[in-house]
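Visitor: Please take a close look at one loop residue for me. Set it against the whole chain, and keep it brisk.

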Amino acid sequence: MGKLIKEWVKGILTEDIEKKVVVYAGRFQPFHKGHYLTYSHLVKQFGKDNVYIGTSNKTDNIKSPFKFKEKKMIMMKIQIIQYGIIIL
């Protein structure tokens with residue numbers, strides 16, 4: 001690696017960066033008003049760019065019928081959350 005790149009990487013690694021990222025994880029079967037209130041509280045506290053919703057793609061017919069794609073669609077369709085929905 002060139003000297004300039006080494007110095008640039010060293011600068012990045014030694015910077016004091018304080019960014020908090022919040023992952024609100026759950027089954028969300030389905031995502032409802034209580035989940036939304038928690039999400040809204042986290043967004044107010046940490047900012048919308050720092051809050052992510054994490055959920056799995058695991059399903060079973062009784063307790064967890066919705067796949068990740070379906071849960072994401074529900075959240076987006078009711079215009080609660082547009083971004084920051086991640087699969088865990």
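Guide: Buried here means under 20% relative accessible area, with a 1.4 Å probe and protein chains only. The model is a predicted one. By that cut-off, 24% of the protein's 88 residues are buried.

Start with the frame. The protein has three helices and three strands. Along the sequence they run α-β-α-β-α-β. Take contacts between residues at least 6 apart in sequence: 63% of them join residues at least 24 apart. The exposed surface comes to about 7,100 Å². Carbon and sulfur atoms supply 58% of that area.

Now the residue itself, S64. It sits in the loop that links β2 (51–55) to α3 (68–77). Is S64 buried or exposed? S64 counts as buried, because its relative accessibility is 9% and the cut-off is under 20%. Leave out residues up to four places away in sequence, and S64 touches R27, Q29, K58 and T59.

Next, the two elements that flank this loop. Both β2 and α3 give two or more residues to the largest nonpolar core. So do β1 (22–25) and α2 (33–46). That core has eleven residues. Its members are V22, Y24, F28, F31, Y39, L42, V51, I53, F68, M75 and I85. In soluble globular proteins, nonpolar side chains tend to be buried together.

To recap: S64 lies in the loop between β2 and α3, is buried at 9% relative accessibility, and has R27 and Q29 among its contacts.

Definitions and conventions. Residues numbered from 1 in each chain as written. Predicted model: local features only at pLDDT ≥ 70, side-chain atom pairs only at ≥ 80, totals over all residues. Heavy atoms only, no water. Helix = DSSP H or I, 4+ residues; strand = E, 2+ residues; numbered from the N terminus. Buried < 20%, exposed > 50% of the residue type's maximum accessible area, 1.4 Å probe, protein only. Contact = heavy atoms within 4.5 Å. Areas by Shrake-Rupley, 256 points an atom, 1.4 Å probe, with all protein chains shown as cover. Core = buried A, V, L, I, M, F, W, Y, C linked by side-chain atoms within 4.5 Å.
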